[in-house]
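Q: Before we look at any single feature, could you take me through how salt bridges, burial and cavities are read from a set of coordinates?

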Amino acid sequence: MPNGQAPISSTDKPIKPATRADGIGLAKVSTPRRLETDEIPLVIDDFRVAARNAIEAGFDGVEIHGAHGYLIDQFLKDQVNDRTDKYGGSLENRCRFALEVVQAVADEIGADKVGIRLSPFASYSEASDSNPEALGLYMAQALNKLGILYCHMVEPRMVNIGEKLETPHSLRPMRDAFKGTFIVAGGYGRDDGDKAIADGYADLVAYGRLFLSNPDLPRRFEMDGPLNKYNRDTFYLSDPVIGYTDYPFLPS
């Protein structure tokens, strides 16, 4: 952080040291600084300005990152958010920050250019919730009122990084509640992705790791071709080529 500042959060509770992205040792984890209530509108404005900058730079729209332990997720989850002001406590209060960010961004660039990604079931960076079903459903219903283009949710089976777990939980209630385009993500392959669409479980399926390692993934899916295996050891490296642009295409 600039000048050694503490990262901002909904809380000032520290988390345990975590394995570094490069897999070597433990990352040093800074103790966060709890945002004061009167600072929150300034942070919301940062999201608004970032969205405007994206459109001016030529992007078609923005996806607000409300998942995986980042700032918005830290407000949403009751195992992190221990605030006593209007942004903490009840489910409605914990969701207030996320919805105010979405509203500000939608007002700035148009709701038809805005999506949000959420992971109510995940516990990345110790950001978990005691009732993820209620959290996901509340957000889906509240987002309807803002009229944004899409809601992108991470499957309940993706609780931890890189693990695909069996679970009885489902995104179906959130999918049924949300009136816009509903996108799912979380360890999908070709066949279960097709099934999710065919069953009406989602409108779109997002692919991350498979697309990283297969730059021609749509063609491979179309012809049921072989897939390159991704190498997790190269994820998040600063090298702009290794692990990002060096996976082969299928021969013509």
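A: Let us begin with a definition: a salt bridge is counted where a side-chain nitrogen of Lys or Arg lies within 4 Å of a carboxyl oxygen of Asp or Glu. The coordinates here are those of a predicted model, and in it D45, R48, R52 and E108 are linked in a network of salt bridges.

Q: How many salt bridges does a search of the whole structure find?

A: The general idea is that side chains of opposite charge can pair when their charged atoms come close. Searching the whole structure gives 17 salt bridges, including that of E39 with R33, at 2.9 Å from N to O, and that of D199 with K195, at 2.5 Å from N to O.

Q: How should I read accessibility for these partners, and is D199 partly exposed or buried?

A: The classes rest on relative accessible area, with buried meaning under 20%, exposed over 50%, and partly exposed in between. D199 is therefore partly exposed, its relative accessibility being 43%, whereas K195, at 52%, counts as exposed. R33, the partner of E39, has a relative accessible area of 34% and is therefore partly exposed.

Q: Which residue forms a salt bridge with K77, and are the two buried or exposed?

A: The partner is D73, with the closest N and O atoms 3.2 Å apart, and both K77 and D73 are buried.

Q: Where is H68 found, and why does it count as buried?

A: H68 is found in the loop between β5 (62-66) and α2 (71-76). Its relative accessible area is 16%, and because the cut-off for buried is under 20%, H68 falls in that class. Leaving aside neighbours within four places in sequence, H68 is in contact with D73, R117, S119, A122, Y124 and V154, so that D73, the salt-bridge partner of K77, appears again in this list.

Q: How is empty space inside a model recognised, and which residues line the largest cavity?

A: Rolling a probe the size of a water molecule over the atoms shows where empty space is left. In this structure the search finds one cavity of 30 Å³ or more, and the volume of the largest cavity is about 40 Å³. Its lining consists of G66, D73, L76, K77, L118, S119, P120, L135, G136 and M139.

Q: Which helix supplies the largest share of that lining, and what is its make-up by class?

A: α2 and α4 (132-144) each supply at least two lining residues, and the largest share, three residues, comes from α4. By class, the lining has five nonpolar, three polar and two charged residues.

Conventions. Residues numbered from 1 in each chain as written. Predicted model: local features only at pLDDT ≥ 70, side-chain atom pairs only at ≥ 80, totals over all residues. Heavy atoms only, no water. Helix = DSSP H or I, 4+ residues; strand = E, 2+ residues; numbered from the N terminus. Buried < 20%, exposed > 50% of the residue type's maximum accessible area, 1.4 Å probe, protein only. Contact = heavy atoms within 4.5 Å. 1 Å grid on protein atoms, 1.4 Å probe; cavity = no way out; pocket = protein on both sides within 12 Å on 5 of 7 lines; lining within 4 Å. Points joined across faces, edges and corners; volume = space filled by probe spheres on them. Nonpolar A, V, L, I, M, F, W, Y, C, P; charged D, E, K, R; others polar.
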